[in-house]
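Here are my notes on the model you sent. Please read them with the structure open.

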Amino acid sequence: MANKVENIYTDIISSLPPTERLQLATLILNGLAKQQMSREINFVDDSDVWTREDEDDLALFAFQQGVTDLSQEEDETE
């Protein structure tokens, strides 16, 4: 593969004027950037997705915290 790319560069690209080589490089880089962006869009990172158990744990904690807060308020008002 490396030889093939080197041959293309030597036989075709190196003979182009600098502006056309820059134009070609821009096209290649833009194509690579589009590919990378489409991969990132299609990539789903589920490492931060909450499971049902996570949600239940959070709800239980919030309920317990609420009960504790109410108990403390009642103690303070008595």
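1. Of the 78 residues in the chain, 1% count as buried. Bear in mind that this is a predicted model. The accessible surface of the chain comes to about 7400 Å², and carbon and sulfur atoms account for 58% of that surface.

2. The chain contains 3 helices and 0 strands. Followed along the sequence, the pattern reads α-α-α. Two of the points below refer to helix α2, which covers residues 18–42, and helix α3, which covers residues 52–77.

3. Which residues form the nonpolar patch on the surface? They are Ile28, Leu29 and Leu32, and together they have about 290 Å² of accessible area. Leu32 is part of helix α2.

4. Is Leu32 buried, partly exposed or exposed? Its relative accessible area is 46%, so Leu32 counts as partly exposed. The patch residues must have over 30% relative accessible area, and the 46% of Leu32 meets that cut-off.

5. There is also a negative patch on the surface, made up of Asp69, Glu73, Glu74, Asp75 and Glu76. Asp69 sits in helix α3.

6. Asp69 has a relative accessible area of 34% and is therefore partly exposed. The cut-off of over 30% applies to this patch as well, and Asp69, with 34%, meets it.

7. When you revise your description, please mention both patches: the nonpolar one with Leu32 among its members, and the negative one that includes Asp69.

Definitions and conventions. Residues numbered from 1 in each chain as written. Predicted model: local features only at pLDDT ≥ 70, side-chain atom pairs only at ≥ 80, totals over all residues. Heavy atoms only, no water. Patch = residues over 30% accessible without salt bridge, like charges linked within 9 Å, V, L, I, M, F, W, Y side chains within 5 Å. Areas by Shrake-Rupley, 256 points an atom, 1.4 Å probe, with all protein chains shown as cover. Salt bridge = Lys/Arg side-chain N within 4 Å of Asp/Glu carboxyl O. Lys, Arg positive; Asp, Glu negative; His and termini not counted. Charge placed at Lys NZ, Arg CZ, Asp CG, Glu CD. Helix = DSSP H or I, 4+ residues; strand = E, 2+ residues; numbered from the N terminus. Buried < 20%, exposed > 50% of the residue type's maximum accessible area, 1.4 Å probe, protein only.
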